Amino acid sequence: MDTRQRILTGIRPTGPLHLGHYAGALENWVRLQTRYDCHFLIADYQVSDYADDVRRVREAVWEVALDWLAVGLDPERSAFVIESLVPEHAELALWLGWFLPLGMLQRNPTLKAEMEEFGRASVPVAFFTYPVMQVANILLPRAHLVPVGEDQLPHIELTREVARRFNRQFGEVFPEPEGLVGRVPRLVGIDGRAKMSKSLDNAIYLKDSAAVVQAKVRSMYTDPTRLRATDPGHVEGNPVFLYHDTFNPDRDEVADLADRYRRGAVGDVEVKDRLATALNAFLEPIRERRARFEADMGRVRDAVAAGTARARESARATMALVREALDLDYLDKFRAG
Ligand code: TRP
């Protein structure tokens, strides 16, 4: 029997993954998969904001799977799971809605911010309730640990609350899961905005070619107060240096560049070109692995199918506990008399 603790985490299939995903979450996933029984979920129920572009989310499923394989997630070890093919997620979400007060959902800061972006009036019901689905995602495999980006922590708080309420009433059915945020909780975008994101069009993708990475880095926002290479520059909060700190393993080079930048003894172009070189050195093996899997999509498909089947087994086992707790088999147990 597998006695390892379990991880459940996931991503919405909306497109290819970027450096922010890597530093905020994926890096942890790769590291943790040797110690935990991992379920990595492709959350295809939770894309109601793409209802007018279903084709895109279908294509994105494979983008996500390829990026996972490319960064070194191992489907022999970890289950890659398509959410909608484990319909117990939907079933459990409906039951768990009994134990989640509406006010907690309305106060959820991540959900609130996302709904503002959407334009409140047009938010689909499924969007408002996606955190409930996420609670079900985490509780269905009875996960202990949820490694995610910082913006997901409010959803994990909801999950803990639901687990506590359920357990208080029915006994210890669900572990109370912990969140775990990556080395860089939130990576800035290449435009200097607070968050790298596809919708803001300020991302460097794991699958970007070396030339695209070079061009994107050249276009990066730096220190706006610095007009000439001889002006003393600001390193703190400067996206180019934040990326150097995150992705350039040559600490001496980074320290030297920062020192010269502060003194006005290095140009932006040199700092950027060295960043592009470091990023490409980091991304090259990822791109190579991705290309190898892309040439063998049958294998990718089989990996996802196998992981989904594995998740379905544990889903059935949990649902048996839930049915028992909620006394749902009353029809079978019925005795006339
Ligand atoms: N909502 C998460 C995101 O936008 C994706 C997600 C779906 C998830 N289900 C999950 C994350 C379960 C962790 C656990 O990134």
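How far is a nitrogen atom of the ligand from an N or O atom in the side chain of Gln152? In this predicted model, the two sit 3.0 Å apart. Gln152 has company here, since other side chains also reach the ligand's nitrogen atoms. For Asn137, an N or O atom of the side chain comes to 2.8 Å from a ligand nitrogen. For Gln134, a polar side-chain atom is found 2.9 Å from a nitrogen atom of the ligand. On its own the ligand would expose 370 Å², and the protein buries 89% of that area.

Stepping back from these contacts, the ligand takes up the space of the largest pocket. Three elements each give two or more residues to the shell around it: strand β1 (6-11), helix α7 (130-139) and strand β4 (145-148). The shell counts 14 residues in total, and the closest of them are Gly10, Gln46, Gln134, Asn137 and Gln152. Sorted by class, the surroundings of the ligand come out as 7 nonpolar residues, 6 polar ones and 1 charged one.

Backbone geometry holds a couple of oddities. Most residues other than glycine have a negative phi. Arg142 goes the other way, with a positive phi of about 55° despite not being a glycine. This arginine belongs to the loop that runs between α7 and β4, and both of those elements also feed the ligand shell with two or more residues. How open is the position of Arg142? With a relative accessibility of 32%, Arg142 falls between the 20% and 50% cut-offs, so it counts as partly exposed.

Asp327 tells a similar story. Its phi is positive too, near 55°, and again the residue is something other than glycine. Asp327 sits in the loop between α13 (297-325) and α14 (330-333). The relative accessibility of Asp327 is 42%, so this residue also counts as partly exposed.

One more aspartate is worth a look. Asp223 lies in the loop that links α9 (210-218) and α10 (239-247). Is this loop residue buried or exposed? Asp223 is buried, because its relative accessible area is 6%, and the cut-off for that label is under 20%. As for long-range placement, Asp223 is separated from Ser78 by 145 residues in sequence, and their C-alpha atoms are 42 Å apart in space.

Technical notes
Residues numbered from 1 in each chain as written. Predicted model: local features only at pLDDT ≥ 70, side-chain atom pairs only at ≥ 80, totals over all residues. Heavy atoms only, no water. Near = heavy atom within 4 Å. Polar contact = N/O pair within 3.5 Å; in protein donor to acceptor, adjacent residues only side chain to side chain. Areas by Shrake-Rupley, 256 points an atom, 1.4 Å probe, with all protein chains shown as cover. 1 Å grid on protein atoms, 1.4 Å probe; cavity = no way out; pocket = protein on both sides within 12 Å on 5 of 7 lines; lining within 4 Å. Sits in = over half its atoms within 2 Å of the grid points. Helix = DSSP H or I, 4+ residues; strand = E, 2+ residues; numbered from the N terminus. Nonpolar A, V, L, I, M, F, W, Y, C, P; charged D, E, K, R; others polar. Buried < 20%, exposed > 50% of the residue type's maximum accessible area, 1.4 Å probe, protein only.
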